[in-house]
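User: Good morning. I would like to go through this structure with you, one topic at a time.
Analyst: Certainly. Here it is.

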Amino acid sequence: MDQEVCLAIVLALWAIQDIRKKKIKLWPMPILALWQLMFLSGQEVNIWFDSFCGMAVGIAFCVISLLLPGVIGLGDGWVIALLGFYIGLPRLLPALGIAFFLAGITAAIYILLKKGKTARLSFIPYIYVGYMMMWNCFR
């Protein structure tokens with residue numbers, strides 16, 4: 001199975017978990033990271049650089065999660081780090097832009113419906129949609 005197809009399946013499962021329980025199981029993450037490391041072993045330096053820069057963005061979100069609890073979940077940061085490691089920084093940034101845009105629209109709708117103060121949005125479904133849109137653009 002292609003590694004990006006596998007990532008899409010795992011992201012979809014994480015999105016469902018995030019919607020239902022507001023938590024995700026992170027046990028597939030080390031396996032997927034090792035799989036990506038094996039793929040990167042035969043690649044050029046610029047692909048390594050893009051992957052590690054993409055992962056750094058996710059780690060920055062993890063730091064934000066620890067410094068500002070409740071703003072973004074730690075699991076969201078780890079998912080962004082893994083996604084960035086897989087698709088690299090040039091594809092991660094537009095995917096995150098799409099995710100934040102869609103989450104912002106949803107948040108605005110919640111505010112208009114006066115549910116904004118009590119609602120907690122699951123962010124991984126938006127990451128999944130952003131990834132799928134980027135995946136279809138770069139195929």
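User: Which residues make the nonpolar surface patch, and what is its area?
Analyst: This is a predicted model. In it, Leu26, Ile59, Val63, Ile64, Leu66, Leu67, Leu68, Val71, Leu74 and Trp78 make a nonpolar surface patch of about 910 Å².

User: Which elements give two or more residues to the nonpolar patch?
Analyst: Those elements are α3 and α4. Helix α3 provides the largest share, with five residues.

User: Let us take one residue of the patch. Where is isoleucine 64, and how exposed is it?
Analyst: Isoleucine 64 is part of helix α3. Its relative accessibility is 36%, so it is classed as partly exposed. The class of partly exposed lies between buried, under 20%, and exposed, over 50%.

User: And serine 65, is it buried or exposed?
Analyst: Serine 65 also belongs to helix α3. It counts as buried because its relative accessibility is 9%.

User: How far is serine 65 from aspartate 76?
Analyst: In sequence, eleven residues separate serine 65 and aspartate 76, and in space their C-alpha atoms are 8.7 Å apart.

User: Now the pockets, please. What is the volume of the largest pocket?
Analyst: The volume of the largest pocket is about 610 Å³. It is lined by 21 residues, and Ile72, Gly73, Asp76, Arg120 and Leu121 are the closest to its centre. Aspartate 76, from your previous question, is thus one of these.

User: Which helices supply at least two residues of that lining?
Analyst: They are α4 (residues 74-87), α5 (89-112) and α6 (124-137). Helix α4 gives the most, namely three residues.

User: How many residues of the lining are nonpolar, polar and charged?
Analyst: The lining of the largest pocket has twelve nonpolar, four polar and five charged residues.

User: What about the second largest pocket?
Analyst: The second largest pocket has a volume of about 190 Å³. Its lining consists of 14 residues, and those nearest its centre are Phe39, Ile47, Ser51, Tyr86 and Ile87. By class, six residues of this lining are nonpolar, five are polar and three are charged.

User: Which helices supply at least two residues there?
Analyst: Helices α1 (3-21), α2 (28-40), α3 (45-67), α4 and α5 each do so for the second largest pocket.

User: You named Ile87. How far is glutamine 36 from isoleucine 87?
Analyst: The two residues are 51 positions apart in sequence, and the distance between their C-alpha atoms is 9.9 Å. Glutamine 36 sits in helix α2.

User: Why does glutamine 36 count as buried?
Analyst: Glutamine 36 counts as buried because its relative accessibility is 1%, and the class of buried covers values under 20%.

User: A new topic: how many salt bridges are counted?
Analyst: The count is one salt bridge. It is formed by arginine 91 and glutamate 4, whose closest N and O atoms are 3.3 Å apart. This pair connects distant parts of the chain, since arginine 91 is in helix α5 and glutamate 4 is in helix α1, 87 residues apart.

User: Why can such side chains pair at all?
Analyst: Side chains of opposite charge can pair when their charged atoms come close.

User: Are arginine 91 and glutamate 4 buried or exposed?
Analyst: Arginine 91 and glutamate 4 are both buried.

Technical notes
Residues numbered from 1 in each chain as written. Predicted model: local features only at pLDDT ≥ 70, side-chain atom pairs only at ≥ 80, totals over all residues. Heavy atoms only, no water. 1 Å grid on protein atoms, 1.4 Å probe; cavity = no way out; pocket = protein on both sides within 12 Å on 5 of 7 lines; lining within 4 Å. Points joined across faces, edges and corners; volume = space filled by probe spheres on them. Helix = DSSP H or I, 4+ residues; strand = E, 2+ residues; numbered from the N terminus. Nonpolar A, V, L, I, M, F, W, Y, C, P; charged D, E, K, R; others polar. Patch = residues over 30% accessible without salt bridge, like charges linked within 9 Å, V, L, I, M, F, W, Y side chains within 5 Å. Areas by Shrake-Rupley, 256 points an atom, 1.4 Å probe, with all protein chains shown as cover. Salt bridge = Lys/Arg side-chain N within 4 Å of Asp/Glu carboxyl O. Buried < 20%, exposed > 50% of the residue type's maximum accessible area, 1.4 Å probe, protein only.
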